[in-house]
Amino acid sequence: MAGKFDSPVQTQMAVAVSNGVCNGEYRSRTRRVFVQTETGCVLGLELDRNDNAHTVKRKIQIAFNVPTDESSLTFGDRTLNEDFSAIRNDSPLLLTRNVMHRSSSTPCLSGKNLQQRDQSSLIEILGCSARFDGATGLVKEIIKAIKNGVDPIPVNSGLGGAYYFRNIKGENVAIVKPTDEEPFAPNNPKGFIGKALGQPGLKHSVRVGETGFREVAAYLLDYDHFANVPPTVLVKVTHSVFNVNDVMNGNKLQNTNKVSKIASLQQFIPHDFDASDHGTSSFPVDAIHRIGILDIRILNTDRHGGNLLVRKFGGVGGFGEVELIPIDHGLCLPESLEDPYFEWIHWPQASIPFSEIELEYIKNIDPIRDSNMLRTELPMIREACLRALVLCSIFLQEAAAFGLCLAEIGEMMSRQFHVQQVEPSDLEVICLEAKELVREIDLSFFEADERDDEFQFVMDCEAAQSNLAPDMSGNSSVKAPLHYEFGSVNDQSFLAHVDEAVEESEIQVDEDRFRTASRLSPSLKKVNLGEKGFHYHCGKPERSYTMGYSYSSRVSGSVNEQLPTSISFVKFSDMNEDEWNLFIVKFKELLYPAFTNVRSRTIGQRQKLGNSCQF
Ligand SMILES: Nc1ncnc2c1ncn2[C@@H]1O[C@H](COP(=O)(O)OP(=O)(O)OP(=O)(O)O)[C@@H](O)[C@H]1O
């Protein structure tokens with residue numbers, strides 16, 4: 001049956017899954033972490049309770065035999081210094097060289113020495129959530145097969161390194177994607193290399209090496225198996241099939257040694273074809289709705305036809321019902337608002353209203369619970385990604401409650417592209433306006449302070465004057481009222497600049513500049529940011545964002561296209577907690593007028609498909 005790990009009974013059987021100690025349970029004397037270098041090498045290390053970054057780096061230095069003084073240990077957003085309390089058993093840590101020292105890469109030691117030091121098993125599930133329990137049976141099958149000589153085989157399609165892992169009968173049972181073989185990652189086997197782990201990747205707001213966490217997040221968020229995401233876990237896996245590039249010389253090494261990788265492991269789902277190979281009219285409305293609901297929640301930027309597997313039901317070669325299986329969620333939950341890619345957006349099924357069951361599911365989504373769950377299960381996920389989840393979930397909930405259909409919601413999230421121009425999506429415009437309102441509130445807070453100061457000052461002056469005896473010397477102590485030059489719109493001191501860890505692209509939209517010039521009022525008056533040419537109009541604005549943006553070439557499944565990758569209109573990491581909360585309040589307030597606007601724009605245009613339509 002598609003999408004189910006093996007039964008809990010099988011999970012009782014002993015496999016090479018760590019008997020993990022979860023968050024908060026530090027009574028045990030040791031914890032194990034997996035340290036991954038920027039070039040992909042992975043080593044399991046036992047930590048003592050009192051270990052800190054310094055002692056851990058010493059251990060790494062001894063294990064890898066490389067200097068670690070000019071390097072940092074990171075875990076998602078956190079750089080680890082003294083306090084290791086957030087680190088739970090089986091956490092994957094990243095050893096990054098400080099920027100100044102990036103020129104010399106840490107060599108990847110894939111040889112015997114490293115393996116001998118690493119006593120962990122062939123495949124270990126990272127994390128100890130009950131949600132992953134079902135994967136142990138699958139892992140056990142794979143280990144048995146490998147021990148009997150049934151090795152994994154590389155997958156040819158796709159840009160990243162991926163491997164089919166098999167059972168003892170030679171059947172594919174899982175697809176494993178190592179994080180250091182993603183597009184642009186150091187050990188990518190298909191020639192797409194050039195970046196270190198942690199740098200912006202194929203999508204600017206998804207860092208190299210972090211797509212595997214997202215695959216697992218999509219599975220965890222797919223409550224009740226609503227959208228049919230195949231079960232997915234994060235693993236540390238050791239095998240000689242994996243690719244290792246010669247980082248120094250840019251060559252592919254002939255790897256014959258076992259090498260350990262951090263990877264996503266997803267259950268293989270037998271299928272007949274994918275959505276890019278076939279007409280879509282036989283696709284069930286509810287399957288598309290459910291996948292669309294997930295895509296919107298997680299802001300999927302990569303839902304192309306190749307990422308929807310199709311399995312026929314009943315009857316060989318029959319054109320009966322089909323089942324859809326969404327795969328490849330590595331490019332969801334970006335760190336800033338991105339342009340999503342929703343293949344389903346123009347399929348007629350997406351214009352059919354949501355069913356009662358779907359509306360109920362949407363209503364019951366709880367983005368705060370979801371982000372807390374992800375913080376627990378995948379603590380390396382960055383806060384900015386969780387903010388994307390919260391924002392998009394709220395957007396979905398409000399839009400569905402307003403009565404918009406899947407296609408309308410998807411369109412509101414999508415940017416418009418013209419020759420060398422890109423316009424922010426409706427969602428991005430709403431966010432920019434909400435950010436501006438938050439800023440205005442910040443300003444009025446300071447302005448109120450200023451008025452208070454002036455008022456106080458006048459009172460002080462009056463009091464002083466009334467107490468003053470006429471100064472015959474002419475030396476009055478009364479000063480001219482203070483003029484408080486505070487809170488000009490350009491004043492950068494108002495901006496809470498949380499360190500933007502993503503290395504900024506040279507073509508980041510200059511939000512401050514945008515904000516300064518536009519002061520997005522409810523009427524969204526037209527603005528023009530000089531050579532950057534950002535034009536705004538009221539309502540559905542005639543916006544144009546004109547600049548030469550960079551492209552990354554992408555050959556993806558059936559898609560062969562050029563995508564602009566470096567534009568970010570709305571960042572999340574530049575708001576502190578208070579600003580973020582206020583932003584969400586303002587964002588919600590702006591939704592109703594925006595939906596009304598969209599409704600009036602699309603009414604009459606949209607082919608109204610009733611439930612009588614047959615698919
Ligand atoms: N869970 C799965 N079950 C069966 N086949 C799968 C599964 N996941 C992926 N595949 C197959 O493996 C191929 C490559 O996988 P995937 O698209 O996830 O890799 P990728 O490198 O991320 O690709 P892309 O560059 O298209 O994003 C897919 O085209 C599909 O045929």
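Here's a quick tour of the ligand site, a small sheet and some salt bridges in this structure. Keep in mind that the model is predicted. The ligand has 20 residues around it, and K177 turns up both there and in a salt bridge with D328.

**Ligand site**

- Among the 20 residues around the ligand, L159, K177, Q266, I269 and D328 come nearest.
- For polar contacts, the side chain of K177 puts an N or O atom 2.5 Å from an oxygen atom of the ligand.
- Q266 also uses its side chain, with an N or O atom 2.9 Å from a nitrogen atom of the ligand.
- G160 works through its backbone instead: one of its N or O atoms there lies 3.2 Å from a ligand oxygen atom.
- On its own the ligand has 620 Å² of accessible area, and the protein covers 90% of that.
- Strands β9 (172-178) and β13 (259-267) are the elements that give two or more residues to the shell.
- Sorted by class, the shell holds eight nonpolar, nine polar and three charged residues.

**The β14-β15-β16 sheet**

- These three strands form an open sheet in the order β14-β15-β16, with antiparallel pairing.
- β14 (273-274) and β16 (322-326) are the edge strands with a single partner each, so one side of each has no neighbour in the sheet.
- β15 (residues 308-312) pairs with β16 over five bridges, and K312 has V322 as its bridge partner.
- Elsewhere along that pairing, L309 stands opposite I325.
- Edge strand or not, β16 is mostly covered, with five of its five residues buried.
- V322, L324 and P326 point one way from β16, while E323 and I325 point the other way.

**Salt bridges**

- The count comes to 20 salt bridges.
- K177 and D328 meet at 3.2 Å, N to O. K177 sits in strand β9 and D328 in the loop between β16 and α7 (356-363), so this pair ties together parts 151 residues apart in sequence.
- Both partners are partly exposed: K177 has 24% relative accessibility and D328 has 21%.
- E181 and K261 form another salt bridge, with their closest N and O atoms 3.0 Å apart. It links the loop between β9 and α5 (211-221) to strand β13, 80 residues apart.
- E181 is buried at 0% relative accessible area, and K261 is buried at 0% too.
- R297 and D370 pair up at 3.0 Å, N to O, joining helix α6 (residues 285-297) and helix α8 (residues 367-377) across 73 residues.
- R297 is buried at 1% relative accessibility, and D370 is buried at 0%.
- Salt bridges with shared partners also join D77, R207, E210, E335 and R382 into one network.

Technical notes:
Residues are numbered from 1 along each chain as its sequence is written. This is a predicted model: local features need pLDDT of at least 70, side-chain atom pairs count only at pLDDT 80 or more; totals for chains, interfaces and linings use all residues. Side-chain values use heavy atoms; hydrogens and water are left out. Two strands pair if DSSP finds at least two bridges between them. Helices (H or I, at least four residues) and strands (E, at least two) are DSSP runs, numbered from the N terminus. Buried means under 20% relative accessible area, exposed over 50%, partly exposed in between (1.4 Å probe, protein chains only). A residue is near a molecule or strand if one of its heavy atoms lies within 4 Å of it. A polar contact is a pair of N or O atoms within 3.5 Å; within protein, one must be able to donate a hydrogen and the other to accept it, and residues adjacent in sequence count only if both atoms are side-chain atoms. Accessible areas come from the Shrake-Rupley method with a 1.4 Å probe; for residues, only the protein chains shown count as cover. Ala, Val, Leu, Ile, Met, Phe, Trp, Tyr, Cys and Pro count as nonpolar, Asp, Glu, Lys and Arg as charged, and the others, Gly among them, as polar. A salt bridge is a side-chain nitrogen of Lys or Arg within 4 Å of a carboxyl oxygen of Asp or Glu.
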